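These are my notebook entries on a structure that I had not examined before. I set down what I looked up, one topic at a time.

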Amino acid sequence: MGDHKEQPLRVGAAVRRRRRSLELTLAVVAERSGLSVPFLSQIENERARPSTSSLEKVADALRTTAVELLAAADPACSVDVVRAEVTEPGPGPEPLSRSLVRGHHQMHASEFTGDHDAGREFQYRNDQLMYVADGAVEIEAEGRAYRLGRGDTLYLTGGVRHRWRATVPDTRVVVVAVAEHIEAVRDRDRGRKR
């Protein structure tokens with residue numbers, strides 16, 4: 001009950017993302033699919049649900065399949081439960097990563113358990129928050145080193161280069177970020193979010 005898989009899917013956002021990734025206009029997709037521009041607009045804005053036949057026509061026009069569009073669809077729910085996965089302990093301390101938010105949303109959250117490649121540098125377009133759920137980490141950002149323990153958080157604005165590593169076995173870090181597909185970078189001229 002309340003789990004994501006029980007909810008209907010909204011395919012419109014997946015259609016829009018695919019169309020934009022191919023740099024196509026609605027008019028081009030309409031011409032390729034034989035469907036009208038207003039109908040395609042209604043699909044993208046979740047005001048119309050395409051039939052199986054219409055979705056296949058749209059998929060063909062976007063050089064994909066209906067199955068792939070449905071797989072990329074957003075859940076039509078406002079509440080989603082992501083269950084903790086029970087894993088069997090392996091032979092060694094294997095780092096694990098799992099997404100805490102399913103689908104294509106404005107927020108992304110992941111949980112990292114175990115060590116992390118300290119040599120890998122990250123730079124995200126949008127803001128993020130790192131929360132140490134268990135253990136401890138060292139984070140290097142903007143030329144400074146930060147040590148965080150259980151319950152500590154570190155906020156990074158978009159564009160800040162950083163790297164981190166676990167300093168205690170079985171460390172769990174939760175990273176919450178504005179999703180990369182959202183244009184949420186600071187407007188340097190105006191000093192406000194777009």
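**Entry 1: a pair of helices**

I began with helix α2 (residues 26-33) and helix α4 (residues 52-61), whose axes come within 8 Å and cross at roughly 115°. I note at the outset that the model is predicted. I described the pair in the usual way, since two packed helices are characterised by the angle between their axes and the distance between the axes. The crossing of α2 and α4 proved to be right-handed.

I then asked which residues of α2 and α4 meet. On the α2 side I found Val-29, Arg-32 and Ser-33, and on the α4 side Lys-57, Val-58 and Ala-61. Sorted by character, the residues of this contact are three nonpolar, one polar and two charged.

**Entry 2: the sheet of five strands**

I turned next to the strands. In general, strands of a sheet pair through backbone hydrogen bonds, either parallel or antiparallel. I traced an open sheet of five strands in the order β3-β4-β11-β6-β9, with antiparallel pairing. Its edge strands are β3 (96-99) and β9 (153-156), each of which pairs on one side only. From one strand to the next, the twist averages 20°.

Within this sheet I looked up how β6 is joined to β9. Strand β6 (residues 128-134) runs antiparallel to β9, and four bridges join the two. I recorded one partner by name: Tyr-131 has Thr-153 in β9 as its bridge partner.

**Entry 3: the sheet of four strands**

I found another open sheet, in which four strands follow the order β5-β10-β7-β8, and here too the pairing is antiparallel. The strands at its edges are β5 (122-123) and β8 (144-149), and each pairs on one side only.

I followed strand β7 to both of its neighbours. How many bridges pair β7 with β8? I noted six bridges between strand β7 (residues 136-141) and β8, in the antiparallel sense. Along this pairing, Ala-141 stands opposite Arg-144 in β8, and Glu-138 stands opposite Arg-147 in β8. The hairpin of β7 and β8 has two residues between the strands, and Glu-142 in it takes a positive phi near 55°.

Towards strand β10 (residues 161-166), I noted five bridges from β7, with the two strands running antiparallel. In this pairing Ile-139 stands opposite Trp-164 in β10.

**Entry 4: the cavity**

Lastly I searched for enclosed space. The structure holds one cavity of 30 Å³ or more, and the volume of the largest cavity is about 30 Å³. Which residues line the largest cavity? I listed Tyr-124, Asn-126, Gln-128, Leu-156, Thr-157, Gly-158, Gly-159, Val-160 and His-162. By character, this lining divides into three nonpolar residues, six polar and no charged. I observe from the residue ranges that Gln-128 belongs to β6 and Leu-156 to β9.

Conventions:
Residues numbered from 1 in each chain as written. Predicted model: local features only at pLDDT ≥ 70, side-chain atom pairs only at ≥ 80, totals over all residues. Heavy atoms only, no water. 1 Å grid on protein atoms, 1.4 Å probe; cavity = no way out; pocket = protein on both sides within 12 Å on 5 of 7 lines; lining within 4 Å. Points joined across faces, edges and corners; volume = space filled by probe spheres on them. Nonpolar A, V, L, I, M, F, W, Y, C, P; charged D, E, K, R; others polar. Pairing = 2+ DSSP bridges. Axes fitted to C-alpha atoms, helices over the stretch in contact; angles between N-to-C directions. Left-handed = near helix turned anticlockwise from the far one by under 90°. Contact = heavy atoms within 4.5 Å.
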